Amino acid sequence: MRWYVSIGAVLVAGVLAGGDVAGVAAPGTRNQPGHPSGFASGRQLADKEATPSVDVELILAVDVSYSMDMDELAIQREGYAQAIISKEFLQALKSGPNGKISVTYFEWAASTDQKIIIPWRLIDGPETADAVASEIMKTPIRRASRTSISGAINFAMPLFDENPHRGLRRVIDISGDGPNNNGGPVVIARDAALEKGVVINGLPIMVKEPSYSTMDIDNLDAYYEDCVIGGPGSFVVTIKEREKFKEAIRTKLLLEIAGRTPERPVVPVAAKEKEPRVNCLIGEKIWQDRWGR
């Protein structure tokens with residue numbers, strides 16, 4: 001089941017209250033089965049898979065396309081850094097059976113443009129949280145062309161295999177301010193990730209009026225709901241006001257760390273049937289209409 005929440009609909013107390021944490025289910029002689037180091041690495045991998053050591057493996061995939069202005073990029077960075085060191089985050093961290101998470105943070109734009117800002121880091125308390133937040137803030141802000149959500153998902157998936165810590169849950173968290181317009185179709189990338197038990201959550205950024213120049217769409221939140229997120233308990237937290245940017249990021253991380261899903265009002269079946277489905281190729285169509293390719 002998928003969930004949608006607008007910022008302000010979730011209270012921190014509700015995030016942390018009651019319930020169980022949700023669960024989900026290079027060539028060379030050194031890597032050959034007969035080599036001692038190859039045997040050791042295989043055993044370490046088996047141990048990692050058999051005994052999860054963290055509550056969640058969390059990949060933060062952050063949009064830095066040109067449609068994001070410099071102020072938004074700065075607020076986005078600050079939002080993640082401040083959320084990770086917040087009292088609420090550290091409290092949520094301790095709500096899991098292991099009391100720690102593994103996180104990596106990368107920025108993305110075109111299908112071939114991804115940059116890891118924070119390699120896999122273990123967060124198990126204030127000191128490690130402060131270290132990760134400091135790393136996020138000290139990296140220079142950059143911008144790049146195109147928007148490839150599919151590229152971000154495809155880049156994220158192999159990162160789980162590189163993580164030395166195995167989690168009870170594996171989550172890709174995607175933030176962005178526009179639909180996929182580059183690389184493969186986003187639905188194909190999403191479905192391939194879901195088949196491997198990965199959950200994808202979304203943070204659609206809708207603080208500016210959609211414009212032809214930036215190729216934004218009116219219903220980006222619905223696009224993320226229908227085309228981007230997926231997996232047990234997946235959700236979107238939408239940012240529609242610039243001053244709510246940091247609060248939205250904190251809310252989203254609290255939900256993910258505590259293994260919660262936001263509450264939302266029940267929508268009558270008749271109302272759901274009247275809602276038009278989002279065209280998951282809308283970004284590609286807008287790009288082709290504008291550039292003819």
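1. Glycine 79 touches Lys246 and Ile249, leaving out residues up to four places away in sequence; contact here means heavy atoms within 4.5 Å. This glycine sits in helix α3 (residues 70–84), where helices are DSSP runs of H or I with at least four residues, strands are runs of E with at least two, and both are numbered from the N terminus. With a relative accessible area of 1%, glycine 79 is buried. Buried is under 20% relative accessible area, exposed is over 50%, and partly exposed is in between (1.4 Å probe, protein chains only). Glycine 79 and alanine 133 are 54 residues apart in sequence, with 9.8 Å between their C-alpha atoms.

2. A word on the ground rules: this is a predicted model, in which local features need pLDDT of at least 70, side-chain atom pairs count only at pLDDT 80 or more, and totals for chains, interfaces and linings use all residues. Residues are numbered from 1 along each chain as its sequence is written, and side-chain values use heavy atoms, with hydrogens and water left out.

3. Back to α3 as a whole. Its 15 residues should span 21 Å at 1.5 Å a residue, and the end C-alpha atoms are 22 Å apart, which agrees; the expected span is 1.5 Å times one less than the number of residues. The buried residues of α3 are Glu72, Leu73, Ile75, Gln76, Arg77, Gly79, Tyr80, Ala81, Ala83 and Ile84. At the start of this helix, a side-chain oxygen of aspartate 69 comes to within 3.1 Å of the backbone nitrogen of aspartate 71.

4. Lys246 and Ile249, the two residues that glycine 79 touches, bring us to helix α9 (residues 245–258). It has 14 residues and reaches 20 Å from its first C-alpha to its last, close to the 20 Å expected. Eleven of those 14 residues are buried, so α9 is largely enclosed by the rest of the structure. The buried set includes Phe245, Ile249, Lys252 and Glu256. After α9 comes glycine 259, with a positive phi near 70°.

5. Another positive phi, of about 70°, belongs to arginine 146, which is not a glycine. Most residues other than glycine have a negative phi, so this one is worth a look. Arginine 146 lies in the loop between α5 (126–138) and α6.

6. What does that loop lead into? Helix α6 (residues 149–162) has 14 residues and reaches 21 Å between its first and last C-alpha, close to the 20 Å expected at 1.5 Å a residue. Buried in α6 are Ile149, Ser150, Gly151, Ala152, Ile153, Ala156, Met157, Leu159 and Phe160.

7. On the other side of the loop, lysine 138 belongs to helix α5. Is lysine 138 buried or exposed? It is exposed, with a relative accessible area of 66%. Its C-alpha is 9.8 Å from that of arginine 77, although the two are 61 residues apart along the chain.

8. Now the strands. Valine 103 lies in β3 (residues 101–108) and is buried at 4% relative accessible area. Beyond its neighbours within four places in sequence, valine 103 is in contact with Leu58, Leu60, Pro119, Trp120, Arg121 and Ile123. Of these, leucine 60 is 43 residues away in sequence and 7.4 Å away in space, C-alpha to C-alpha.

9. Arginine 170, in strand β5 (residues 167–176), counts as buried at 13% relative accessibility. Its side chain makes a polar contact of 2.9 Å with the side chain of glutamate 57. A polar contact is a pair of N or O atoms within 3.5 Å; within protein, one must be able to donate a hydrogen and the other to accept it, and residues adjacent in sequence count only if both atoms are side-chain atoms.

10. Serine 234 is in the loop between α8 and β7 (235–238), and at 0% relative accessibility it counts as buried. A polar atom of its side chain lies 3.1 Å from the backbone oxygen of glycine 231. The C-alpha atoms of serine 234 and valine 171 are 9.1 Å apart, with their places 63 residues apart along the chain.11. Last, the helix pair. Helix α7 (residues 186–195) and helix α8 (residues 220–228) pack at an angle of about 55°, with their axes 9 Å apart. Axes are lines fitted to C-alpha atoms, for helices over the stretch in contact, and angles run from 0 to 180 degrees between N-to-C directions. That makes α7 oblique to α8; under 35 degrees counts as roughly parallel, over 145 as roughly antiparallel, 65 to 115 as roughly perpendicular and the rest as oblique. Val186, Val187 and Arg190 in α7 meet Tyr223, Asp226, Cys227 and Val228 in α8.
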